[in-house]
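Trainee: I would like a close look at a single part of this model, with the terms spelled out as we go.

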Amino acid sequence: MRNPSFIGNRSRRLLPYLFLLLFACITACSVAEPTTSANADPVLRSNNIVADKAEPAVKGASITIDPNGPADTVRAFYKHLREKRFREAIFLTNLRPAVEGLTESELKDFALDFETLAGDVPTEIEINGEIIAGDNATVTANLPNDDGDKKEIQKINLRRSGEIWVILTVDKEAEGRIGKEGKEYFYNLRVETHEAEAKKMLERISKAQFAHTLQNGVFADMQTLVTSGLLPEDVKTSDSTGYKYAINLDADKRRYFATATPAAYGKSGRQSFILRLDDKGISRVTGRDVGGKIMTK
């Protein structure tokens with residue numbers, strides 16, 4: 001599944017697990033192309049979209065939308081997100097088993113991510129195509145690109161489930177995992193994402209230190225690297241990263257080590273990480289579960 005484009009550079013450094021999944025359907029990275037049954041004739045409705053993906057002049061839907069059909073499901077999905085009815089929005093996707101067991105209190109654990117998600121939903125949703133082939137469907141819509149400066153035609157894939165249509169946001173393997181983990185899926189995915197990003201941030205710290213030494217001959221503390229633009233501001237807080245980062249400098253600033261520790265062990269991450277320089281000055285990141293403590297070796 002390709003990285004979702006909608007969120008663009010505003011949230012690109014830490015690609016939150018919920019953006020990765022929920023914006024997948026918004027930005028047409030549904031994982032499988034619909035397969036057409038040999039006995040099913042595709043039903044096509046479109047406004048003759050031009051090849052250069054020019055933005056349609058008509059705002060909102062430019063095709064006839066049948067109640068409870070694929071295009072109507074997509075429209076409802078956007079509406080729920082924009083109005084911050086997150087449970088209802090996810091219920092329209094194949095992520096439903098991951099959220100239907102969550103209590104309202106547990107759902108609030110993801111409030112920060114959901115609130116940001118709702119803020120990025122466009123006011124106008126231009127749905128301009130719908131193809132139904134048996135139990136599969138594809139809806140096309142004119143949506144913001146990576147940078148949000150212009151729109152382009154993107155696809156959203158759906159599958160019929162009984163009397164309703166479901167937006168496909170994850171593949172069959174992930175669906176199987178969701179079936180096993182249920183409401184723990186989002187929690188586990190958040191931990192995995194934060195851990196992967198913690199390693200990347202330490203690697204970024206290594207590159208920032210290297211750049212600083214080339215210019216100044218010594219390593220630097222966290223604030224200096226942030227002020228000089230070598231590190232992002234969010235390295236100083238765990239609000240968006242789920243990890244606490246620290247740089248420990250020797251007195252002469254000729255050596256250093258950096259650590260990444262879960263802000264909430266078991267919830268935002270399980271593994272702690274450390275970045276050290278070996279005898280040749282090459283930085284290496286290692287990590288393990290130490291019960292949420294800071295790694296020192």
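Trainee: Which strands does helix H8 lie across, and at about what angle does it run to S6?

Mentor: This is a predicted model, in which local features need pLDDT of at least 70 and side-chain atom pairs count only at pLDDT 80 or more, whereas totals for chains, interfaces and linings use all residues. Residues are numbered from 1 along each chain as its sequence is written, and side-chain values use heavy atoms, with hydrogens and water left out.

Helix H8 (residues 184-216) lies across S6, strand S7 (256-262), S8 and S9, and it runs at about 25° to S6; contact here means heavy atoms within 4.5 Å, while axes are lines fitted to C-alpha atoms, for helices over the stretch in contact, with angles from 0 to 180 degrees between N-to-C directions. Helices (H or I, at least four residues) and strands (E, at least two) are DSSP runs, numbered from the N terminus.

H8 has 33 residues and reaches 47 Å from its first C-alpha to its last, close to the 48 Å expected at 1.5 Å a residue, where the expected span is 1.5 Å times one less than the number of residues. Gly-217, which follows H8, has a positive phi near 85°.

The strands beneath discussion form an open sheet of four in the order S6-S7-S8-S9, with antiparallel pairing, two strands being paired if DSSP finds at least two bridges between them. Strand S6 (243-249) and strand S9 (283-288) are the edge strands, each pairing on one side only, and the twist averages 15° from one strand to the next. Strand S8 (residues 272-277) is joined to S9 by six bridges, the two running antiparallel, and Ser-272 stands opposite Arg-288 in S9.
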